[in-house]
Amino acid sequence: MERYEADIVVVGAGPGGYVASIKAAQEGMKVVCVEKEALLGGTCLRVGCIPTKALLETSLRFYEAKQVFHEHGIAFSDISIDLKKAMKRKERIVNTLSGGIAQLFKKNKITRLKGKARIISPSEVAIDEGTVIRAKHILIATGSKPAGLPFCEFGKRINTSDDALAYVECPRHLVVIGAGAVGLELGMVWSRLGARVTVLEVMDRILLGFDGDMTRKALKAFEAQGIEIRLGTKVLAVYEDDEKAVVEVEGQKSIECDRVLMAVGRAPNTDGLGCEEVGIAKDKRGFIVVDNAYKTTVNGVFAVGDVIGGLMLAHKAMEEGVMCINGMVGKYAVLNYDAIPRICYTDPEVASVGKTEEELKAENREYKVGRFPFKANGRAHTMGYVVGEVKVLADAKTDRLLGMHIVGPRASELIALGGMAIEFSASSEDIAMLCEPHPTLEEAIKEACLAVTSKTIHL
Ligand code: FAD
């Protein structure tokens, strides 16, 4: 049996685990990171953020070549997609970035061990029953896995997001169950590549957690691109045979299709981790319970990222990793959850930071609203992307920015300004007074802030 001694053993090398490992090494700790997969980077890098964005880029270019380039006077006689090549490109990106993390581990002298880890005591982790690592601290960053519906099993045609990132041919008809970011992004990929896409959502809205008013605008834009979205639609059963999959829906005709993507959420990854044996408490849904220093119910054992629930986002996991280590070494360790942006990378992109209007109403908080549409923004016209708007919410008395919500081009990049403003407690007037470069999409944020306290210039 091999034995290691460390200051901290990190279980899982996703965004939470690999960032925490680097941070701990930078703080002078001796770090061992255990990951069961060959590639470092977790869900985010292997089957999440990065591969979806790679395929969204590929599919956008294909779609634009077919539908948009002619407006620029660019003509093609024959446009086709080589899916095998597109998937190779995606894999190359994943491998390159994963190799980058391996380099960072090397640079920071982090010991990487491959295998499935199990916590055997508050200071010991075993790998595949062989190796044992003894450490002062254990950090659980084991992330999450695709959740299903209780009445059906994943199969050849009933798929997870992992499967939908690797189809070898474009489905004829893809039914997506769940209109969250994962379902909508992957639905858009395959719609642009030629599939008929039907999204079924049990709620009366898409993108729960985003500002409702903005998601209605996005919904219209998605439908205009040919994606069918059925709201208030309850799925009763899903089954498959060799030829097809069938989705039974309450009060509607059953849908026959060739693929079903289950995008109904994710479940924490704690199978075989040893939580029960050492007394690490979980909540009703199976997420590991932590306090605000990311301490579990067992002294010396910490947890961050998807496995503790909350927003299931890579950047949230990364920052929790940093804050958890900061706390261990006595540094500032408070993460401002109000300033964490949420993004759906569809076209138009949907991005949100801070409070939504629904949340402010529920809190009985008085607020002011400023809006500015991209159709009044010069840069948006040059790009050919004029759908959507910026909406800002500011405190009625103090003018402090409470929320920023964007539907439109590059919303994923623009929202950073909102996050920074909230983090620095800026007012909408502060942003309205910025001299934004022209022509840029940021000007729409300035104008939306102008609309809160005075008047927009360009509308
Ligand atoms: P994970 O990334 O899940 O990493 C956990 C790691 O632990 C895994 O590598 C796993 O193999 C390992 N592990 C688990 N158990 C053990 C064990 N017992 N022993 C050893 N290793 C173990 N988020 C965004 O912010 N932006 C996006 O655009 C985005 N897009 C997404 C698209 C898709 C299709 C999906 C599925 C998710 C997306 N997410 C996105 C969410 C993001 O991927 C997760 O929030 C993030 O990966 C969570 O990081 P984590 O470190 O907590 O866990």
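Which residues form a nonpolar patch on the surface? Ile74, Phe76 and Ile79 do. The legends below describe close-ups of a predicted model.

**View 1. The nonpolar surface patch of Ile74, Phe76 and Ile79.** Together these residues have about 250 Å² of accessible area. Phe76 sits in the loop between α3 (49-67) and α4 (83-107). Its relative accessibility is 46%, so Phe76 counts as partly exposed; the partly exposed class runs between 20% and 50%.

**View 2. Polar contacts of the ligand with Pro15, Glu35 and Asp306.** The side chain of Glu35 places an N or O atom 2.6 Å from an oxygen atom of the ligand. At Asp306, a backbone N or O atom lies 2.9 Å from a ligand oxygen. At Pro15, a polar backbone atom is 3.3 Å from an oxygen atom of the ligand. The ligand exposes 1,000 Å² when taken alone. The protein buries 96% of that area.

**View 3. Elements that build the shell around the ligand.** Two or more residues come from each of α1 (15-26), β2 (31-35), α2 (42-47), α3 and α9 (314-328). The most come from α2, which gives five residues.

**View 4. Residues of the ligand shell.** The ligand is surrounded by 39 residues. Gly16, Glu35, Thr43, Lys53 and Ala314 are the closest. How does the shell divide by class, and what are the counts? There are 16 nonpolar residues, 15 polar ones and eight charged ones.

How values were computed:
Residues numbered from 1 in each chain as written. Predicted model: local features only at pLDDT ≥ 70, side-chain atom pairs only at ≥ 80, totals over all residues. Heavy atoms only, no water. Patch = residues over 30% accessible without salt bridge, like charges linked within 9 Å, V, L, I, M, F, W, Y side chains within 5 Å. Areas by Shrake-Rupley, 256 points an atom, 1.4 Å probe, with all protein chains shown as cover. Salt bridge = Lys/Arg side-chain N within 4 Å of Asp/Glu carboxyl O. Helix = DSSP H or I, 4+ residues; strand = E, 2+ residues; numbered from the N terminus. Buried < 20%, exposed > 50% of the residue type's maximum accessible area, 1.4 Å probe, protein only. Near = heavy atom within 4 Å. Polar contact = N/O pair within 3.5 Å; in protein donor to acceptor, adjacent residues only side chain to side chain. Nonpolar A, V, L, I, M, F, W, Y, C, P; charged D, E, K, R; others polar.
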